Amino acid sequence: VSSSRHRSHNMDSSSEQLGGGSINEKQRTLGYGANNAYNNEVEENWDPSNHLSHLLHSIAGLDRYPSYLSRYDESDMTAIENALEQTLNDVKQQKERVLQRRNGIRELVENYNNALINPSTTHDDDQAPSDSNDVLQISSLLPPKSWSQLKSVLSDEAFQVLYASIISSSKSTKQNIPTLYDVINGKFAVQLDPALLQDWMSQECFDVYSFPLLNKDFCTRLRRTIIELSKLGESSQYCSLLLGRRPVDFDTVRLNWISDMLLHCFILPISRHLFATTEKLLSDDDASYDINNNKTKSILNWRQGYVAGYSANPQGGANAATRHRLVPHSDDSEVTLNCCLGEDDFEGGSVQFYGLRGTPDEGKLLGEIERPDVGKAIIHAGRHLHAVTDVTAGNRYALIVWTRSWGMRRLTCPCCYLNRRIDTRCICDKRWN
């Protein structure tokens, strides 16, 4: 057990390590139940600064009970105060670092654009409204402005499923075909035809599905752009940004249109069919009632897209790869999309699935996707334990999109969320106490 809850959150750049497959620097234990390593050490002192559980008890108590602090002596109240102040200080410091990093990356992207040989592209007549951030968007990966341009982003199968579904939906509702801009930005609710999904998608194992999603040429352009940005980030001017030593976030490098397009065109409409029950997800137009008989809507309304790199020889910014593998873990995500970007000649790097948290299958190897094809996507519940095996040759890159439903998460604490419990026993439920 870590002696300091905050120490692992305040690591400087010198501690950024390459290789391996860990999630973070905290001590991990393998196995489940009463015999895990945590039971070998018993600490009975009240210490909310060093034990997250103690701090969470304090926060829950302050939320639930009038005059909660009257139960404590002055030293214990001071301990709670110090822990909350330290947490607030952590938030302020992280916020400052993140904003400084984003500003630095904006400058880096501008310099990258200026260095491109052909910074301009030609678009069709179906133009989107102007965006004040266009000057910062990467010139080689500008968002498509028309349906015909989207063909250069998606696989043929994915484009046909999307476009045919939109045509059919528009005819049934007697509406005009929406512009691509409205679809990408969520102003038109895409409903994918279930019959088309059956022919397009394959089930790999329980609650895990695969399908051809991205054009191979687009994958190559995206992969090369991320690598070039990471190399530029290794220069003395930008090395403090650690661009190549952490997964490259699309919003940070002004490629947010990719995350928006994947969320609204595919992840959200697919989730309505595949994860509405298991992950408590509903569409905007659907309604249900929680256990307290309150009307609720649980839709995916948050996303983060990024590129993760794995390599037989991780070199950080030199090849935008930081790990050999990735240990079994779950995502901070309701539904996760994982699309292989290549390279073509990597070996190893299989994706393994070990069951949903909070179910009897948790920890059991349920399936393995060996060396996915470039452009092929996998979609699964974020709480499905999964791992990436060692890349034994070459480099493997993956486009990842995490999605969340804040409506669903308001019903449960983080512990119940991870273990897939939604009932009146959670401290976040209105019936508690």
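How many helices and strands does the secondary structure of the protein chain come to? The answer is 10 helices and 15 strands, where helices (H or I, at least four residues) and strands (E, at least two) are DSSP runs, numbered from the N terminus. Please keep in mind that this is a predicted model, in which local features need pLDDT of at least 70 and side-chain atom pairs count only at pLDDT 80 or more, while totals for chains, interfaces and linings use all residues. Residues are numbered from 1 along each chain as its sequence is written, and side-chain values use heavy atoms, with hydrogens and water left out.

Let us begin with the chain as a whole. Of its 433 residues, 46% are buried; buried means under 20% relative accessible area, exposed over 50%, and partly exposed in between, with a 1.4 Å probe and protein chains only. The protein chain exposes about 22200 Å², and carbon and sulfur atoms supply 47% of that area (Shrake-Rupley method, 1.4 Å probe; for residues, only the protein chains shown count as cover). A contact means heavy atoms within 4.5 Å. Among contacts between residues at least 6 apart in sequence, 75% join residues at least 24 apart.

Now to the sheets. One is an open sheet of 7 strands in the order S1-S2-S12-S8-S15-S6-S3, with antiparallel pairing; two strands pair if DSSP finds at least two bridges between them. Its edge strands are S1 (202-205) and S3 (248-249), each of which pairs on one side only. Within this sheet, S8 (residues 335-342) runs antiparallel to S15 (residues 395-404), and 7 bridges join them. If you would like a residue to look for, Cys 339 has Leu 399 in S15 as its bridge partner. Helix H7 (residues 216-233) lies across S3, S6 (302-311), S8 and S15, and runs at about 85° to S8. Such angles run from 0 to 180 degrees between N-to-C directions, with axes fitted as lines to C-alpha atoms, for helices over the stretch in contact.

Another open sheet has 4 strands in the order S7-S13-S10-S11, again with antiparallel pairing. S7 (326-329) and S11 (367-369) stand at its edges with a single partner strand each, so one side of each has no neighbour in the sheet. Neighbouring strands here are turned by 20° against each other on average, direction ignored. S10 (residues 351-356) and S11 pair over 3 bridges in the antiparallel sense, and Phe 353 has Gly 367 in S11 as its bridge partner.

What about the backbone? Most residues other than glycine have a negative phi, and most peptide bonds are trans. The peptide bond from Gly 342 to Glu 343, however, is cis, with omega near 15°, and Glu 343 lies in the loop between S8 and S9 (347-348). Ala 320 has a positive phi of about 55°; this alanine sits in the loop between S6 and S7 and counts as buried at 11% relative accessibility. Arg 420 also has a positive phi, near 65°. This arginine is found in the segment after helix H10 (414-418) and is partly exposed, with a relative accessible area of 21%.

Finally, the cysteines. A search of the whole structure finds 0 disulfides, a disulfide being a pair of cysteine sulfur atoms within 2.5 Å. For Cys 415, the nearest cysteine sulfur is that of Cys 413, 5.4 Å away, and Cys 415 is partly exposed at 43% relative accessible area. The sulfur of Cys 416 has its closest cysteine sulfur in Cys 413 at 3.7 Å, too far for a bond, and Cys 416 counts as buried at 8% relative accessibility.
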